[in-house]
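Dear colleague,

Please find below the structure that I am handing over to you. My findings follow directly after it.

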Amino acid sequence: MQSTFFSWLSGYVRIELRGSGCEALLNELIVNRFQVWDIQVDSNNRMKLQISIRDFFRLRPICKRTGCRLHVQERRGLPFFMDKLAHRKFFISGAAGFIIGLYLLTSLVWQVSVEGNEKITTDTILQVASQQGIQRFQWKFRLPEADALSRNLQGHLPGTAWVGVNIRGTHITIKIVESTVPDKPPLMNPRNLIASKNALVTEIMAVKGRPVVKPNMYVRKGDLLISGIIGMEPNTQIVVATGTVKGLIWYTSNIEVPLVKTYKVYSGESYNRRYLVMGTRALQLTGYRKPSYAESETIPERKTLQWRSYSLPIGWLYEKVMEMHHVNQPISYEEAKSNGLEQAKLDLLSSLGKESRIVSEKILHQKTDNGKVYMEVLFEVEESIIEEQPIVIRGE
């Protein structure tokens, strides 16, 4: 018989028998159907075997009859393991406390996040979710089923087409699909379109209304571009003037560019800091020494303890602190000039809008002083120049 899981559950011992009657003892064990296995016999009248606990207590009378001496070498199995644990009460209580604490930590909600919302604010969704019991440090077993939570949230969140609640470990994710409602066009009063800036008109397209200017005409701020009054007297009609008018406008930019570029260079020297993270708090474990780095950069890496699909609020934070310094590299005058012009174009277009474009540029003045390039540049930009002007209808 081989040692199996069932023999481990009932318990067994490994013994050594000494004496000239070992052979007679073995024959008697076989006749009486003793559960023995792994039998080893040597030439010194010694025999080793493994025997179940139940048959071990029946073995002593046979040893007396055959004149064999018995010596227990090992005790194995669940009964002996439980007997050892009974003498280690502090270990058992600590292990039980750890298991209970781990169960309690995984039974709490530690994080609630919202995905998919654009018009409805996250704070509004979290406030409604809190009224339904979805909040941090809430017991998960006190929450209804995910489908019920989804229906309740959708009922209290107008403007949602679908709400889903996903409970995964200690993290609850609320997914929102907002309903698509066509935007109502705003009610507009009758109006004219006038020039917002001094410009040379390059393009005009009147969708509704009467165009007053033509391309290549110079207009000043406030001049009428598209009139909201159409028709001839006395058959005139007042409408909401709509359309596009583009014009050329001139901007002057003062550019200042250094003749050096600054780069970060790492020396290769570094040290690590490790933290034990519990919730939102961190306890530093290593990395207390602080080398005398004149400049440094820290790269963090966060790892969370997981058990199956559960994300526990316990983890580690690793920080790598690397020594670095800045290096200044000289650049040519032409490169500095090109960089300055490109940056000035980006800044100008970002302030004017997407429909704007730079038609041309002209350097009015340039010089080099104190390691910098100074330029005064005139940009010619084509952009929209329309501005609304309400039409006031006066009573007679």
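How far is the sulfur of Cys 63 from the closest cysteine sulfur, and in which residue does that closest sulfur lie? In this predicted model, the closest cysteine sulfur belongs to Cys 68, and the distance of 6.0 Å is too far for a bond. For reference, a disulfide is a covalent bond between the sulfur atoms of two cysteines. The two sulfur atoms must lie within 2.5 Å of each other to be counted as a disulfide.

By this rule, the count of disulfides comes to zero. Cys 22 is likewise in no disulfide, since its nearest cysteine sulfur, that of Cys 68, is 4.1 Å away. Cys 22 has a relative accessible area of 6%, and it therefore counts as buried. Cys 63 is also buried, because its relative accessible area is 6%. The cut-off for this term is a relative accessible area under 20%.

I turn now to the surface. Phe 5, Phe 6, Trp 8, Leu 9, Phe 81 and Met 82 make a nonpolar patch there, with an area of about 660 Å². Two helices, H1 (5-10) and H5 (78-86), each supply at least two residues of this patch. Helix H1 gives the most, with four residues.

One member of the patch may serve as an example. Phe 6 belongs to the nonpolar patch and lies in helix H1. Its relative accessibility is 65%, so Phe 6 counts as exposed; the cut-off for exposed is over 50%.

Yours sincerely

Terms used
Residues are numbered from 1 along each chain as its sequence is written. This is a predicted model: local features need pLDDT of at least 70, side-chain atom pairs count only at pLDDT 80 or more; totals for chains, interfaces and linings use all residues. Side-chain values use heavy atoms; hydrogens and water are left out. Patches are made of residues with over 30% relative accessible area and no salt bridge: like charges are joined within 9 Å, nonpolar side chains (Val, Leu, Ile, Met, Phe, Trp, Tyr) within 5 Å. Accessible areas come from the Shrake-Rupley method with a 1.4 Å probe; for residues, only the protein chains shown count as cover. A salt bridge is a side-chain nitrogen of Lys or Arg within 4 Å of a carboxyl oxygen of Asp or Glu. Buried means under 20% relative accessible area, exposed over 50%, partly exposed in between (1.4 Å probe, protein chains only).
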